[in-house]
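Reader: I would like a close look at a single part of this structure, namely the interior spaces and the charged pairs that go with them. Please take me through it in one connected account.

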Amino acid sequence: MRSNPFGKQFAASALALAVSLGAHAVTDEDILNDQDTVDDIVSYGMGVQGQRFSPMDALNTDNVKFLQPAWAFSFGGEKQRGQESQPLVKDGVMYVTASYSRAYAVDARTGEEIWQYDARLPDGIMPCCDVVNRGGALYDDLFIFGTLDAKLVALDKDSGKPVWIKKVADYQAGYSMTAAPLIVKGKLITGVSGGEFGIVGRVEARDPRTGDLLWTRPTVEGHMGYVYKDGKKIENGISGGEAGKTWPGDMWKTGGAAPWLGGTYDPDTDSLFFGTGNPAPWNSHLRPGDNLFSSSRVAIDPDDGSIKWHFQTTPNDGWDYDGVNELISFDYEEDGKTIKAAATADRNGFFYVLNRENGDFIRGFPFVDKITWAEGLNEDGSPIYNTENGRPGNPADEDGEKGETVVAFPAFLGGKNWMPMAYSQDTGLFYVPSNEWSMDIWNEPVSYKKGAAYLGAGFTIKPANDDFIGVLRAIDPKTGEEVWRYNNTAPLWGGVLATAGNLVFTGTPEGYLKAFDARTGEELYKFNTGTGIVGTPVTWEMDGEQYVSISTGWGGAVPLWGGEVAKVVKDFNQGGTVWTFKLPKDRVASN
């Protein structure tokens, strides 16, 4: 924790402020009801299903033009980039993380800092895709978040003092943590990052009050899962049943498949839904087979970590099409029946609708303008590969030199990357932040070395169009229709919020917070925050007014990995601020 010139007096005053604001412990019931309550935000995704839909309608298409800044809070210092966090709000206090594994509590009425915590990061951290953090979790009297050196930190939510710190994995082997944890049934659920370093992905459950392990489930076939009872480690079955079924030789031992984005939870089926990242290395010719459970969605039993079902979007992935993107539960009516579905927009360019009870494929369709690696999907949702020039060539065919280069749509940064989409319960549409880009990609010889990048591939990313890269899309999951779209010059790299006021909010790298008509796509509002936005907007009610907040500060993977795309964004300003807006009380009525 950073040094504090106010010492004990500051901590005491912060605690007194929290108490005066009516602070209460966050319960399992609070978290399960998060999507229906408007006066707080106590989960990543504004509800455990991750729909990011608010039932509030005080702010709507008629009056959003009157939305105005209420306050702006700076994260301070020189660490001004890559602000991908989603704020949480409880009892008039906002909890938000920032780049370089920092956490803050802020008075949600005034924007004044209550406390700040800075993780002590070692010099040798190896995050693949910038120094980002996407948020934390509230539970009981704790605020819990992960750090870039693969630790979990639990802070007293009123004072910011550490309650416990646990090492999750070895950062020197390439592990890190960037996702917001999930609280389900009194358990703290997390994944790990580091797939580019040949780590072994896993999902874990811990006691949120102590940090003690409850169960662990590897997401690479062949590794043993465990449950922990009375301090004892008990075997709970090998992921996939045995090793070597879909991996050649010992490659499953460094298989990647990191569930680095975190997960969602469906109370109806009592299932955790996690996506898994790319198999390692990228050179797919070294690992013939499906390489389970990489580039997949897995349903996990929250009680013991058992895998209920899986759906693999890109078997034998050779393009780095991580399958981590969020799987969002939703219901729809068809032939008089309620279908319990779940949807995901994959990096590979296809949108998938699954039966969330058993993982069966319902339908799938492209949501980007062009896909070249596959010609379509089979009846079971498996890809129909382009066998002519879809997969980058094998270096072994070139006497160990670079394999044949192919042009692939979309680029490995994906038709959609980590940035969360939203689902409107009113329109029945998904609002997907997406990008149109291609890549030249080739394979190279590679061998595993602990802590070193384990790619075996080279690439250059290029814009697919001259005048836009980003596209915000409204997609009908029942038909595959693109109902409307908004083209953005730069790539979209921030999340989306939908509301019952018929609004869709998102931010752009150019620095604008924008609001659109959820049914037509008409742009209704924009505000320039002064720095590129890669955060995710939220909304809540306080003192009878509707508020909207978003973290701002350009960064993330695009300027680091973007190739020719990076030229489009090279002049965008970094920053580190939470902007908070509100609709004045006298503007609540339609105008």
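Author: A residue counts as buried when its relative accessible area is under 20%, as exposed when it is over 50%, and as partly exposed in between. The model discussed here is a predicted one.

The account may begin with the largest cavity, whose volume is about 320 Å³, and which belongs to a set of five cavities of 30 Å³ or more found in a search of the whole structure. Its lining is made up of 28 residues, and those that lie nearest the centre are C128, C129, R134, E196 and W260. By character, the lining of the largest cavity divides into 14 nonpolar, seven polar and seven charged residues.

R134, named above among the residues nearest the centre of that cavity, also takes part in a salt bridge, since its side chain meets that of E84 with a distance of 2.9 Å from N to O. E84 belongs to the loop between β2 and β3 (88-90), whereas R134 belongs to the loop between β6 (113-118) and β7 (137-139), so the pair ties together parts that are 50 residues apart in sequence. Both partners fall under the 20% cut-off and are therefore buried: E84 has a relative accessible area of 1%, and R134 has one of 5%.

The loop that holds E84 follows on from β2, and that strand leads to an open sheet of four strands, in which the order is β2-β40-β39-β38 and the pairing is antiparallel. At the edges stand β2 (68-74) and β38 (538-542), each with a single partner strand, so one side of each is left without a neighbour in the sheet. From one strand to the next the twist averages 25 degrees. The partner of β2 is strand β40 (residues 577-582), and the two pair in the antiparallel sense over six bridges, with W71 standing opposite T580 in β40.

Returning to the interior spaces, the second largest cavity has a volume of about 180 Å³. It is lined by 15 residues, of which Y44, R52, G263, T264 and E326 are the closest to its centre, and this lining divides into eight nonpolar, five polar and two charged residues. The largest pocket, for its part, has a volume of about 300 Å³, and among its 18 lining residues Q35, D36, Q49, Q51 and Q425 lie nearest the centre. The lining of this pocket comprises eight nonpolar, seven polar and three charged residues.

The count of salt bridges comes to 34, and two further pairs can be set beside E84 and R134. The side chains of D303 and K185 meet at 3.0 Å, N to O, and this pair links distant parts of the chain, 118 residues apart, with D303 in the loop between β19 (296-300) and β20 (307-312) and K185 in the loop between β11 (182-184) and β12 (187-190). D303 counts as partly exposed at 40% relative accessibility, and K185 is likewise partly exposed at 40%.

In the other pair, K462 forms a salt bridge with D440, the closest N and O atoms being 2.9 Å apart; K462 lies in strand β31 (residues 457-463) and D440 in strand β30 (residues 437-443), 22 residues apart. K462, at 27% relative accessibility, counts as partly exposed, while D440, with a relative accessible area of 19%, is buried. Finally, salt bridges that share partners join D266, D268, D331, K340 and R356 into one network.

Notes:
Residues are numbered from 1 along each chain as its sequence is written. This is a predicted model: local features need pLDDT of at least 70, side-chain atom pairs count only at pLDDT 80 or more; totals for chains, interfaces and linings use all residues. Side-chain values use heavy atoms; hydrogens and water are left out. On a 1 Å grid over the protein atoms alone, a cavity is a set of points where a 1.4 Å probe fits but cannot get out, and a pocket is an open set with protein on both sides within 12 Å along at least five of seven lines; lining residues have an atom within 4 Å of a point. Grid points are joined across faces, edges and corners, and a volume is the space filled by probe spheres set on the points. Ala, Val, Leu, Ile, Met, Phe, Trp, Tyr, Cys and Pro count as nonpolar, Asp, Glu, Lys and Arg as charged, and the others, Gly among them, as polar. Two strands pair if DSSP finds at least two bridges between them. Axes are lines fitted to C-alpha atoms, for helices over the stretch in contact, and angles run from 0 to 180 degrees between N-to-C directions. A salt bridge is a side-chain nitrogen of Lys or Arg within 4 Å of a carboxyl oxygen of Asp or Glu. Buried means under 20% relative accessible area, exposed over 50%, partly exposed in between (1.4 Å probe, protein chains only).
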